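Subject: Structure for you to look at, with notes

Dear colleague,

I am passing on the structure we spoke about, and my notes follow directly after it. Please keep the structure open while you read, so that you can follow each residue as it comes up.

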Amino acid sequence: MRAPGLLGIIGNPVRASLSPAMQQAALRRLSLDACYHPFEIGPKDLRAVLRALPPLGFWGVNVTIPYKETVLPLLDEVDAAAAAIGAVNTVVVRGGRLLGHNTDAAGFRTALEVEGRTGLRGARVLVLGAGGAARAVAFACLAGECRSLLVANRSVARARSLCRSLRASFPGADVAAVAPEGPDWESRAAACGVIVNTTPLGGRPDDPLPVPPAALRRGQTVMDIVYRPRRTPLLSAAAAAGARPVDGLQMLLHQGALAFTLWTGREAPLAVMRRALSTAAGKAERLA
């Protein structure tokens, strides 16, 4: 029998994370002797915290903002997909070693296909943002054979850097960077059938929309990985325009289920995790 263990999420901030509720519910359902906790740490402590995981009996951790990219060189091994994406969101502790994985890409694709009823093949996709989550989403889109990929970021240099790394993995792919401004920004966004927001915009009620309202239309699928509030201003605007909205809890659910299986070797109890996530999200919004 496996020794009792610890799991958690490391990032800054993580106090509002819903992952503990979801993962702890899954552990209880399968009667696994482990606890999942949030750990908010500073950049200077990242290396020390990671090195402490094996001796403290951790099975693994999730990694979130702002460490999905900076964590890579601190791990003993990174799987091929995570290395190609350039971001890790799940660390597995095995034999005293730290193994990096990325479940964001597959979690996004499953959320889009299952919850959003939208396939990637042949789609024109707009990804808003160029951080660790954007890297995973963009990689999933190209792996899913999207027709074209537009990366929009306030720092065009960062968007272009992401596009260069994507072309290295997908030579010949139709990938372009754009600043979310300028005379053609609205028309380029409107031409995309799938829009994915990976930026923090939408977490506060006074946040501006990450795309012009006129760029939203019927026939689009719009996903926002921000999950607090669950119905962000972007998703409300998308629904009003006749587009299909997909909230951030869906990607969180599916990437979390994949991480759970990596840590435990057991199939994740998806329905249990979905209920726990929905309950925790509702409680958080009532308290906000």
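The crossing of H1 and H9 is right-handed, and in this predicted model the axes of helix H1 (residues 19–29) and helix H9 (residues 248–264) come within 11 Å and cross at roughly 45 degrees. Angles under 35 degrees count as roughly parallel and those from 65 to 115 as roughly perpendicular, and H1 and H9 are therefore oblique to each other. On the H1 side the contact is made by Ser19, Met22, Gln23, Ala26 and Leu27, and on the H9 side by Leu252, Leu253, Gly256, Phe260 and Trp263. Sorted by class, this contact of H1 with H9 has 7 nonpolar and 3 polar residues, with no charged residues.

H9 also crosses helix H10 (residues 270–287), where the two axes come within 10 Å at an angle of roughly 135 degrees, which makes H9 oblique to H10. The crossing of H9 and H10 is right-handed. From H9 the contact takes in Leu249, Gln250, Leu252, Leu253, His254, Gly256, Ala257 and Phe260, while H10 brings Leu270, Met273, Arg274, Leu277 and Ala281. By class, the contact of H9 with H10 has 9 nonpolar, 3 polar and 1 charged residues. If you place the two lists beside each other, you will find Leu252, Leu253, Gly256 and Phe260 of H9 in the contact with H1 and again in the contact with H10.

H9 comes up once more in the largest pocket, which has a volume of about 1,400 Å³. The lining of this pocket is made up of 46 residues, and those that lie nearest its centre are Ile65, Thr198, Thr199, Pro200 and Ile225. Strand S3 (58–63), H5 and H9 each supply at least two residues of that lining, with H9 giving the most, namely 4 residues. By class, the lining of the largest pocket has 24 nonpolar, 15 polar and 7 charged residues.

As for enclosed space, the count comes to 1 cavity of 30 Å³ or more, and the largest cavity has a volume of about 40 Å³. Its lining consists of Ala84, Ile85, Arg135, Phe139, Leu162, Ser165, Leu166 and Ser169. The elements that give two or more residues to this lining are helix H3 (80–85), helix H5 (132–143) and helix H6 (156–169), and the largest share, 4 residues, comes from H6. By class, the lining of the largest cavity has 5 nonpolar, 2 polar and 1 charged residues.

Finally, there are some points of backbone geometry that you may wish to look at residue by residue. Ile65, one of the residues nearest the centre of the largest pocket, is joined to Pro66 by a cis peptide bond with omega near 5 degrees, and Pro66 is found in the loop between S3 and strand S4 (77–78). The peptide bond from Arg228 to Pro229 is likewise cis, with omega near 5 degrees, and Pro229 has its place in the loop between strand S11 (221–224) and helix H8 (233–240). Ser31, although it is not a glycine, has a positive phi of about 55 degrees, and Ser31 is placed in the loop between H1 and strand S2 (34–40).

With best wishes

Notes. Residues are numbered from 1 along each chain as its sequence is written. This is a predicted model: local features need pLDDT of at least 70, side-chain atom pairs count only at pLDDT 80 or more; totals for chains, interfaces and linings use all residues. Side-chain values use heavy atoms; hydrogens and water are left out. Axes are lines fitted to C-alpha atoms, for helices over the stretch in contact, and angles run from 0 to 180 degrees between N-to-C directions. Angles under 35 degrees count as roughly parallel, over 145 as roughly antiparallel, 65 to 115 as roughly perpendicular and the rest as oblique. A crossing is left-handed if the near helix is turned anticlockwise from the far one by less than a right angle, and right-handed if clockwise. Contact means heavy atoms within 4.5 Å. Ala, Val, Leu, Ile, Met, Phe, Trp, Tyr, Cys and Pro count as nonpolar, Asp, Glu, Lys and Arg as charged, and the others, Gly among them, as polar. On a 1 Å grid over the protein atoms alone, a cavity is a set of points where a 1.4 Å probe fits but cannot get out, and a pocket is an open set with protein on both sides within 12 Å along at least five of seven lines; lining residues have an atom within 4 Å of a point. Grid points are joined across faces, edges and corners, and a volume is the space filled by probe spheres set on the points.
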